[in-house]
Amino acid sequence: MVHATAEVGRAGRRRVTSRAELEHVAFDLFGRQGFERTTIDDIAAAAGIGRRTFFRYFPSKNDVAWGDFDKELSRMRARLKTVPRRTPLMDAIRVAIVDFNRIDPDQVPWHRRRMDLILRTPALQAHSTLRYAAWREVIAEFVAERTGQTPDALAPRTIAYTALGVAVAAYEQWLETDDADLGGMLDTAMRELAAAFADSLPGHRP
């Protein structure tokens, strides 16, 4: 998490100077007012910045909830490209997903707030659909490359959709259990999914 010094904005307001700090200001407002009742103007005012500055950090209020998702997704795509060909297909996906969702212990409470907002806020679901599609695309591209198919073929799509379903299910259970290990839950669930696909996918076995 990036920490930045704060400056004093106009009218003596404390001005945020980083994307991460603006996220925290927004989440505090979401917690007090609710996501739908909180406007961009509210966030900007609480952060001591103007609307233009807000949009330099985030394209929309919905994007605040997802943080640096695009950056992390690019990292997952890059990781999958470096996986040795000898690594079984589903093992490669499992390791990449666990790594994508790895959280520093001191960031667990913050990540729980983020995922609770994403998964349990009806107003965010349409935007989340776009994010999920981008996530599935990364998985489908990897499966397609490994199996000699196109990303929109049935097998790559099926694996991408099921892998996403596994990840969302693990997150929902993690949110319901205070001391649950997210990484362990994802790893276990993906191993079970791999077993289900073991005999049907070219490129799964070394």
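Reader: Let's start with the lining of the second largest pocket. How do its residues divide into nonpolar, polar and charged?

Author: To read a lining, you sort its residues by side-chain class. Bear in mind that this is a predicted model. Here the sorting gives four nonpolar residues, no polar ones and six charged ones. The names are R77, L80, K81, V83, R85, V138, E141, F142, E145 and R146, and they surround about 170 Å³ of space.

Reader: Which helix supplies the largest share of that lining?

Author: For that, you map the lining onto the helices. α8 comes out on top with five residues, and both α5 and α8 supply at least two.

Reader: I see Arg and Glu in that list. Which residue forms a salt bridge with R77?

Author: A salt bridge needs a side-chain nitrogen of Lys or Arg within 4 Å of a carboxyl oxygen of Asp or Glu. R77 pairs with E141, with the closest N and O atoms 3.2 Å apart. That link runs from helix α5 to helix α8, across 64 residues of chain. There's another such pair in the lining list: R85 and E145, whose closest N and O atoms are 2.9 Å apart. Here R85 sits in the loop between α5 and α6 (89-100), E145 is in helix α8, and 60 residues separate them.

Reader: Why does R85 count as exposed, while R77 is partly exposed?

Author: Go by the relative accessible area: over 50% is exposed, under 20% is buried, and partly exposed is in between. R85 is exposed because its value is 52%. R77, at 23%, is partly exposed, and so is its partner E141, at 30%.

Reader: How many salt bridges turn up in the whole structure?

Author: The search finds 17. One of them joins R51 and D41 at 3.0 Å, N to O; R51 is in helix α3 (residues 51-57) and D41 in helix α2 (residues 40-47), ten residues apart. Salt bridges can also chain together, as in the network of E72, R75, R79, D99 and R102.

Reader: Over to the largest pocket. Which residues lie nearest its centre?

Author: With a long lining, pick out the centre, then look at the helices. D68, E72, F100, H111 and R114 lie nearest the centre, out of 31 lining residues. The pocket's volume is about 1,000 Å³. The elements giving two or more residues are α1 (19-33), α5 (69-81), α7 (108-120), α8 (125-147) and α9 (154-176), and α7 gives the most, with six. By class, this lining has 17 nonpolar, four polar and ten charged residues.

Note on methods
Residues numbered from 1 in each chain as written. Predicted model: local features only at pLDDT ≥ 70, side-chain atom pairs only at ≥ 80, totals over all residues. Heavy atoms only, no water. 1 Å grid on protein atoms, 1.4 Å probe; cavity = no way out; pocket = protein on both sides within 12 Å on 5 of 7 lines; lining within 4 Å. Points joined across faces, edges and corners; volume = space filled by probe spheres on them. Helix = DSSP H or I, 4+ residues; strand = E, 2+ residues; numbered from the N terminus. Nonpolar A, V, L, I, M, F, W, Y, C, P; charged D, E, K, R; others polar. Buried < 20%, exposed > 50% of the residue type's maximum accessible area, 1.4 Å probe, protein only.
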